[in-house]
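Colleague: I should like to go through this model and ask, for each label, what value supports it. Please show the structure before we begin.

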Amino acid sequence: MKLRLFTAIAFTAMAVISCNEETASIGKSLTDEDDKLQVTTGVYEAFSRSLLADSVYGQNFECYFGQIKDPETETYVKSEFMTQFNLLEGTTFPSKELMLLGEDGNILVDSCEIRLFIDKTKCYGDSLTPLKMSIKELDKPMDENAKYYSNYDPEEKGLIRKDGMKKSMMFTVSNRTFSDSIRKLTGYQDFIRVRLNDPYTAKDGKKYSNFGSYILQNYYDHPEYFKNSYTFVHTLCPGLYFQITEGIGSMAYIEDIRLTAFYRYKKSDDKLTNAVMNFSATSEVLSTAKVTNDKEGLKRLVEDNTCTYLKTPAGIFTEIELPVEKIMEGHFNDSLLSVSMTVQRQNSLIPMNLYLIPAPNTILMIQKDSLNSFFEKESTYDYRDSFVANLSKNSYSFRNMGNMVTLMYTHMFVGSLLDPEWIKKHPNWNKVVLVPVTTISTATATTTSSKNTTATVSYICNNFGLTSTQLTGGNTPIKISVIYARFNEKKQ
């Protein structure tokens, strides 16, 4: 009976608090005489500070490419990436006798290219700003067991093949190589095209007409390389590194990456037909982000105590020290019906401009000591020790923090009983960090017999887009509202 009462009272009490009504008579009105419930409230202060992110876990589904000048710090932000290509199991091509061969006896591939497909709704800056990219072939695959962070430099780590394929070219986010009539066609999507038609030399010294010929010829010479994505990556195509070498003013969101080769083969009637070989960079293979930020510019914001910041990519987080001991003082035997906190946004003082960076839409609240492991383990929030909040009415609200507060206090209480130095050894025990994130949702059936579906968050990664906001904090405390409940002991 008491469990049902607590559930009903929790909803009622939160509604009452939001209306700022008197709570003295809640227990009497909601329970019978034997089960009188005492409901009390409290308001506490939490203090926050900006925290330099330095680097964040860089294996993700988001891919940004470009370089811009941050109007808030007047410094530069550059996003680059490495990627592998996925081979679908069971991939087959026509028999070699039907393939068109070149003068060297190798499979003739007419052309080969990489296409970086762009989602214009997530880009930043001037889409006509010219940038220069460099593409470099990896010497060996990325380690599946390694944890790649956004400050990982593949050149510094010796991951680039010294005599491998290298390609440089200028590009713009809006592909103006096509006519306006083509660009207006339904389904058209801008993409950056990188042609790989130069002669290619493999590690063993064998020469091919282009990179596509190298891949397709090996399908016939070494079919074991094409068993699956793992063998393909570890024997034939370790991956590519995409760099920005010149240009400022544009950041593209790369929605899809494809390696495509165009070839011809003979049908049974000896007529040549055109065919395409495609490999995509998907979640089944590794893709990592590399972010270059001006740390001195970010430090100037971190040192501003009039507020705190959230800034991506790999920029600034907000750390909050929760008043756990004060919340629990005198309430050890009480139930926390509600613990809520709202963090308000502040308007930036920088002048409005055409490319002002937007505020992050979704943020994660995670215990500070669990920050790295949360993303490395590809965890999702559980409303126990991790929460998410979406930007609404110019603020981020967390309303079900009771489990986290109880968990923190229990760990501290038990730990201190076993070790008087526990708090000193665990200085972050009551600290959380606010981190801008991107959530990936999948559609799931509501019931097995229903056609209705609902979106379920299946993956959370660090936000690698350009976002920034100021939060009320620093020297100004953040209010935390608490509702307690306790059943009276029955008189014998």
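Colleague: Which elements have the lowest and the highest mean pLDDT in this chain?

Modeller: The model is predicted, and among its elements helix α1 (residues 2–19) has the lowest mean pLDDT, 42, whereas strand β16 (residues 316–321) has the highest, 98. Over residues 1–31 the pLDDT is below 50, and beyond near neighbours in sequence this stretch has 37 contacts in the model. The pLDDT is also below 50 over residues 444–450, a stretch with ten such contacts. Where pLDDT is low, the predicted coordinates should not be read in detail. For the protein chain, the average pLDDT is 87, and 87% of the residues score at least 70.

Colleague: What makes up the chain in terms of helices and strands, and what share of its residues is buried?

Modeller: The protein chain contains ten helices and 24 strands. Of its 492 residues, 50% are buried. The chain exposes about 25,000 Å², of which carbon and sulfur atoms supply 49%. Among contacts between residues at least 6 apart in sequence, 77% join residues at least 24 apart.

Colleague: Why is C63 called buried, but C123 partly exposed?

Modeller: The limit for buried is under 20% relative accessible area. C63 has 7% relative accessibility, so C63 counts as buried. C123 has 23%, which is not under 20% and not over 50%, so C123 counts as partly exposed.

Colleague: How many disulfides does the structure hold?

Modeller: The structure holds zero disulfides. The criterion is a pair of cysteine sulfur atoms within 2.5 Å, and therefore no pair of cysteines in the model meets it.

Colleague: How do you know that strand β2 pairs with its partners, and in which sense does it pair?

Modeller: At least two bridges are required for two strands to pair. Strand β2 (residues 64–70) and strand β12 (residues 250–266) have four bridges, so they count as paired, in the antiparallel sense. Y64 has Y253 as its bridge partner in β12. Five bridges join β2 to strand β3 (residues 75–83), so this antiparallel pair meets the criterion too. I68 stands opposite V77 in β3. The hairpin of β2 and β3 has four residues between the strands, and there E74 takes a positive phi near 60°.

Colleague: What makes β2 a mostly covered strand?

Modeller: Six of the seven residues of β2 are buried.

Colleague: Which residues touch the most other members of the largest nonpolar core?

Modeller: They are F211 and I215, in a core of 50 residues. The elements giving two or more residues to this core are β4 (109–118), β6 (131–137), β7 (166–171), β8 (191–195), α4 (211–221), β11 (240–246), β12 and β13 (272–280). Leaving aside neighbours within four places in sequence, I215 is in contact with F226, F232, L236, L259, M277 and F279. Another core, of 34 residues, lies apart from the largest one; among its members are I327, V405, M412 and L471. In soluble globular proteins, nonpolar side chains tend to be buried together.

Colleague: Why is T288 called buried, and what is it in contact with?

Modeller: T288 is in strand β14 (residues 287–293). Its relative accessibility is 5%, which is under 20%, so T288 counts as buried. Leaving aside neighbours within four places in sequence, T288 is in contact with G58, Q59, E80, F81, M82, M142 and Y148.

Colleague: What is notable in the backbone at D54, Y383 and P313?

Modeller: Most residues other than glycine have a negative phi, and most peptide bonds are trans. D54, although not a glycine, has a positive phi of about 65°. D54 is found in the loop between β1 (37–52) and β2. Y383, also a residue other than glycine, has a positive phi near 55° and is placed in the loop between α8 (371–376) and β19 (386–390). A cis peptide bond joins T312 and P313, with omega about 5°; P313 is found in the loop between β15 (308–312) and β16.

Colleague: Why are D54 and Y383 called partly exposed?

Modeller: Partly exposed lies between the limits of 20% and 50%. D54 has a relative accessible area of 43%, so D54 is partly exposed. Y383 has 37% relative accessibility, and therefore Y383 counts as partly exposed.

Definitions and conventions: Residues numbered from 1 in each chain as written. Predicted model: local features only at pLDDT ≥ 70, side-chain atom pairs only at ≥ 80, totals over all residues. Heavy atoms only, no water. Buried < 20%, exposed > 50% of the residue type's maximum accessible area, 1.4 Å probe, protein only. Contact = heavy atoms within 4.5 Å. Areas by Shrake-Rupley, 256 points an atom, 1.4 Å probe, with all protein chains shown as cover. pLDDT = per-residue confidence, 0-100. Core = buried A, V, L, I, M, F, W, Y, C linked by side-chain atoms within 4.5 Å.
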